[in-house]
Amino acid sequence: MAQESESTPARADRGAPLPYYGAAGGTGQAQGGATAAGPVPAVRIRGLWKRFGEQAAVAGIELDLPAGRFIGLVGPNGAGKTTTLSMVTGLLRPDDGLVQVNGHDVWSDPVAVKSRIGVLPEGLRLFERLSGRELLAYTGRLRGLPGDEVDKRTAQLLDVLDLTAAQHKLVVDYSTGMRKKIGLAAALLHNPEVLFLDEPFEGVDPVSAQVIRGVLERYTAAGGTVVFSSHVMELVESLCDWVAVMAAGRIVAHGPLAEVRGAAPTLQDAFLSLVGADRRTGQDLDWLGGGSR
Ligand SMILES: Nc1ncnc2c1ncn2[C@@H]1O[C@H](COP(=O)(O)OP(=O)(O)OP(=O)(O)O)[C@@H](O)[C@H]1O
């Protein structure tokens, strides 16, 4: 496992927003491509910073996410997972740092990156007044797919995700789990090389979760890369073969699941120890549930 020490900020001028620098253009590497330096990672992050006022939500991340893996990004509330995923997917401009997806720079080559990725963001905003089917048709055409291909993939995704019966219902009337599923279908429609999912199983019932899981496993088995954030360690442990652990805006450990878990009985134990949460037991709340009221 690669464990990272508290790295000092890469730059001294921490207070002021820093100019973002990105590589000019991508390397042109295809998915799973390689250079003399080794295989091109699905995601390459260098010196990534984001501050909100005084707070560094993301504090100088350096990370390579390998292609073709099922990758979990885990961390306690406020660790910086959503901020990181937002910057990696081109939704939020970093203060500083470099992000590449399959060798293409997210900020200087956005079209190349956006055509290769699918995103299910936190607080998913959808076109609420379209039906589920219309939403997928619209998304497919925006992605430049031929109409008949959009129709075919839409029908298949609706079927697999058990949304066929609700395909003509307006998205505004979908439940939380249905919204996640239609959002996932929209993210998958163009067969992206890398799929980013922020808490994809939140609000999803066990049956739908199993369906989503099957779709994602099939996708990675066929060579796709999934990067998803979650608090649910059992889920990460059962799905992922590679994890990155974040705390306080930094990556504290990353690598193959077994290496990050190490000698700990479960990923949950390893995680609690890595983020220092195993010391917070609530012992001090001796008034709770008894004593004075
Ligand atoms: N737009 C914003 N303005 C100010 N602070 C923000 C903003 N977005 C995030 N933050 C702060 O940055 C830190 C990281 O937030 P982020 O949402 O990335 O964490 P997270 O790991 O995704 O948390 P959670 O698991 O609770 O969703 C938090 O302290 C949060 O309050």
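Here are some notes on this predicted model, going from the domains to the ligand shell and then to one strand.

1. Start with the split. The protein chain falls into two domains. Domain 1 is put together from three stretches, 41-116, 195-202 and 224-276, while domain 2 is the single run 122-191. So that you have a distance to hand when you orient the view, the C-alpha centres of domain 1 and domain 2 are 26 Å apart.

2. Next, the contact between them. On each side 5 residues take part: 5 from domain 1 touch 5 from domain 2. If you look at the domain 1 side of that contact, you'll find 2 nonpolar, 1 polar and 2 charged residues.

3. There's a database span to keep in mind as well. UniProt, in an unreviewed entry, lists residues 43-273 as "domain: ABC transporter". In the model, the C-alpha atoms at the two ends of 43-273 are 27 Å from each other. As for secondary structure, helix makes up 37% of that span and strand 27%.

4. Now the ligand. Which residues are around the ligand? Going along the chain, they are Phe-52, Gln-55 and Ala-57, then Gly-75, and then the run Asn-77, Gly-78, Ala-79, Gly-80, Lys-81, Thr-82 and Thr-83. Two elements each supply two or more residues to this shell, namely strand E5 (55-65) and helix H1 (81-88). Helix H1 is the top contributor, with 3 residues.

5. What is the make-up of the shell by class? Polar residues lead with 7, next to 3 nonpolar and 1 charged. Handy to know if you're setting up a closer look at the ligand surroundings.

6. Strand E7, residues 96-101, deserves its own point. Is E7 mostly covered or mostly open? Mostly covered: of its 6 residues, 5 are buried.

7. E7 has a partner in strand E4 (residues 43-52), and the two run antiparallel with 5 bridges between them. One pair to click on here is Ile-45 with Val-99, the latter sitting in E7.

8. E7 also pairs with strand E8, a short piece at residues 104-105, again antiparallel, this time over 2 bridges. Within that pairing, Gln-100 faces Asp-105 of E8.

9. Last, the turn. E7 and E8 form a hairpin with 2 residues between the strands. Check the backbone at Asn-102 in that hairpin: its phi is positive, near 45°.

Technical notes
Residues are numbered from 1 along each chain as its sequence is written. This is a predicted model: local features need pLDDT of at least 70, side-chain atom pairs count only at pLDDT 80 or more; totals for chains, interfaces and linings use all residues. Two residues are in contact if their C-beta atoms, placed from the backbone, lie within 7 Å. Ala, Val, Leu, Ile, Met, Phe, Trp, Tyr, Cys and Pro count as nonpolar, Asp, Glu, Lys and Arg as charged, and the others, Gly among them, as polar. A residue is near a molecule or strand if its C-beta atom, placed from the backbone, lies within 6 Å of it. Helices (H or I, at least four residues) and strands (E, at least two) are DSSP runs, numbered from the N terminus. UniProt positions are given in the numbering used here, feature names are shortened, and annotations may be inferred rather than shown by experiment. A residue is buried if 20 or more other C-beta atoms lie within 10 Å of its own, exposed if 12 or fewer, and partly exposed in between; C-beta atoms are placed from the backbone. Two strands pair if DSSP finds at least two bridges between them.
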